[in-house]
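Q: Please take a close look at one part of this model and describe how it is placed among its surroundings. A plain account, residue by residue where that helps, would be enough.

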Amino acid sequence: MNVIWRNYICCLRLRKVPHRCHSGSHPVAPLGSRILTDPAKVFEHNMWDHMQWSKEEEEAARKKVEENSAVQVIPEEQDKYESEASKYWDVFYKIHKNKFFKNRNWLLREFPEILPIDLKTKENARESSWDHIKPNATNCFSRIQEEKKHFKKSSGSSDGPSKAGFDFSNLDPKKLGKGPLKTELFPGSRANFRILEVGCGAGNSVFPILNTLQNTPESFLYCCDFASGAVELVKSHSSYRAAQCSAFVHDVCNDGLPYPFPDGILDVILLVFVLSSIHPDRMQGVVNRLSKLLKPGGMLLFRDYGRYDNTQLRFKKGHCLSENFYVRGDGTRAYFFTKGEVHRLFCKAGLDEKQNLVDRRLQVNRKKQVKMHRVWVQGKFQKPLHPSQNNSKLIFSFFSHD
């Protein structure tokens with residue numbers, strides 16, 4: 001299995017094999033290969049992959065959503081949750097800091113596009129196969145286990161200059177304006193592979209990615225969040241390297257707010273469990289703006305809550321803001337997508353769908369003997385090399401997905 005993974009990642013980056021799973025195809029590894037064939041053994045593992053719902057289970061989920069959305073939050077309260085969204089997330093990170101979310105050790109499995117097409121990087125990926133990860137006192141990424149919590153201190157932190165750039169933490173993005181930026185003015189200007197993570201939180205994706213890219217100084221990682229407390233957690237982490245990473249506060253819903261780098265330079269945008277926290281009426285504008293940041297051929301990688309996920313079913317009456325959109329007790333919000341909605345959002349922004357799948361899993365609590373259906377939607381969308389490539393596909397796309 002280890003050899004298969006190493007060859008798979010490298011071949012995918014070289015485009016020698018098709019994408020792991022395209023729309024409508026049955027997902028294969030690395031989404032998981034633990035299939036429940038004997039219901040009597042359901043509590044032998046914490047998670048089962050590729051769960052097929054029965055008609056009865058889906059109908060029960062539909063009725064549950066119908067019940068918990070019968071009473072909606074009053075308009076005045078909804079306005080407050082929208083206007084003070086950043087405040088609620090700031091409070092969240094002030095309370096939980098970097099102790100709430102687990103590190104995303106699955107990122108490279110699901111999104112090998114994060115790796116630059118560089119021989120050295122591919123060799124590093126081959127040597128540090130995810131199936132070979134072991135605890136290591138000098139490597140913050142490799143010593144993380146899926147069931148453990150957050151990073152401890154790690155070596156290799158340096159704020160000194162490198163080929164990728166230098167510390168632009170005091171740079172005022174307002175001074176950059178909307179026009180073309182001078183090469184020496186923006187972070188990562190000397191890089192040849194650039195990644196942006198939107199909604200970076202406390203860095204649960206940032207530091208695994210940084211560690212993977214530490215031997216490729218030509219790569220640069222941008223990360224932003226509209227909660228200033230989250231950005232501070234990232235910048236104060238011992239593994240933060242201003243020479244290869246720029247963390248900044250940014251509200252992606254504010255279309256007029258400039259980014260600290262020009263449009264059309266990003267190779268990868270990571271949008272993982274972020275879009276669901278944004279009001280549905282503003283999602284299209286966010287995706288449209290992000291698509292402008294990609295260079296031709298660049299990839300936007302998406303993963304978020306799917307319709308009828310256990311998280312949606314657990315909401316009580318009075319927490320529904322609008323159809324499939326809810327507010328948690330702490331004021332943060334969550335939307336639950338269908339594959340068709342995801343398709344329309346990104347294709348309407350001029351991106352080509354390369355992957356769009358529903359990931360259904362069964363999560364179990366063996367101690368309490370509880371079963372929970374988890375549903376996520378995952379997609380990969382690419383900016384066409386030429387705008388004309390997308391025109392003929394756009395109209396058809398709106399009629400081809402539910």
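A: A charge counts as sitting over a ring if NZ of Lys or CZ of Arg is within 6 Å of the ring centre and within 35 degrees of the ring normal. Arginine 360 meets this rule with tryptophan 53: its charged end sits over the ring, 4.9 Å from the centre. Lysine 87 does so with tyrosine 88, at 5.5 Å from the ring centre. The model is predicted.

The part to look at closely is strand E6, residues 294–305. The setting comes first. The protein chain has 402 residues, of which 50% count as buried, and its secondary structure comes to 12 helices and 11 strands. Among the contacts with a separation of 6 or more, 75% are between residues 24 or more positions apart.

E6 belongs to an open sheet of 8 strands in the order E1-E10-E11-E6-E5-E2-E3-E4, with mixed pairing. At the edges of this sheet stand strand E1 (47–48) and E4, each with a single partner strand, so one side of each is left without a neighbour in the sheet. E6 itself lies between E11 and E5 in the order. Of its 12 residues, 9 are buried, so the strand is largely enclosed by the rest of the structure.

The two neighbours of E6 pair with it in opposite senses. Strand E5 (residues 266–272) runs parallel to E6, and 6 bridges join the two. Strand E11 (residues 370–382) runs antiparallel to E6, with 7 bridges between them. On the E5 side, leucine 301 of E6 is the bridge partner of leucine 270. On the E11 side, aspartate 304 stands opposite valine 377. Leucine 270 also reaches the next strand along, as the bridge partner of glutamate 197. That strand is E2 (residues 193–198), which runs parallel to E5 and is joined to E5 by 3 bridges.

The link between E5 and E6 is helix H9, residues 280–293, and the three elements make a right-handed β-α-β unit. The buried residues of H9 are Met283, Gln284, Val286, Val287, Arg289, Leu290, Ser291 and Leu293. An α-helix has 3.6 residues a turn, so residues three or four places apart point the same way. The cover over the buried residues of H9 includes E6 and E5, along with E2, E9 and H11.

H11 also has buried residues of its own: Gly340, Val342, His343, Leu345, Phe346 and Cys347. After H11 comes glycine 350, with a positive phi near 90°. Phe346 is one member of an aromatic cluster that also holds Phe302, Phe325, Tyr335, Phe337 and Phe381. Residue 302 falls within E6, and residue 381 within E11, while residue 346 falls within helix H11 (339–348).

This cluster leads to a second sheet. Here 3 strands form an open sheet in the order E7-E8-E9, with antiparallel pairing. Its edges are strand E7 (320–322) and E9, each with a single partner strand, so one side of each is left without a neighbour in the sheet. From one strand to the next the twist averages 30°. E8 and E9 are joined by 3 bridges, and valine 327 has arginine 333 in E9 as its bridge partner.

Aromatic pairs are found elsewhere too. The total comes to 17 aromatic pairs. In one of them, phenylalanine 248 and tyrosine 259 have ring centres 6.4 Å apart and planes at 85°, so the pair is edge-to-face. It links distant parts of the chain, with phenylalanine 248 in strand E4 (residues 245–249) and tyrosine 259 in the loop between E4 and E5, 11 residues apart. Both phenylalanine 248 and tyrosine 259 are buried. Another edge-to-face pair is tyrosine 326 with phenylalanine 336, at 5.9 Å centre to centre and 75° between the planes. Tyrosine 326 is in strand E8 (residues 325–327), and phenylalanine 336 is in the loop between strand E9 (333–335) and H11, 10 residues away. These two residues are buried as well.

At the E4 end of the main sheet, helix H8 (residues 228–235) lies across strand E3 (219–225) and E4, at about 160° to E4.

Conventions. Residues are numbered from 1 along each chain as its sequence is written. This is a predicted model: local features need pLDDT of at least 70, side-chain atom pairs count only at pLDDT 80 or more; totals for chains, interfaces and linings use all residues. Side-chain values use heavy atoms; hydrogens and water are left out. Buried means under 20% relative accessible area, exposed over 50%, partly exposed in between (1.4 Å probe, protein chains only). Helices (H or I, at least four residues) and strands (E, at least two) are DSSP runs, numbered from the N terminus. Two strands pair if DSSP finds at least two bridges between them. A crossover is right-handed if, with the strands pointing away from the viewer, the path from the first strand over the helix to the second runs clockwise. Rings of Phe, Tyr and Trp (its six-membered ring) pair if their centres lie within 6.5 Å; planes under 30 degrees apart count as stacked, over 60 as edge-to-face and the rest as tilted. Axes are lines fitted to C-alpha atoms, for helices over the stretch in contact, and angles run from 0 to 180 degrees between N-to-C directions. Contact means heavy atoms within 4.5 Å.
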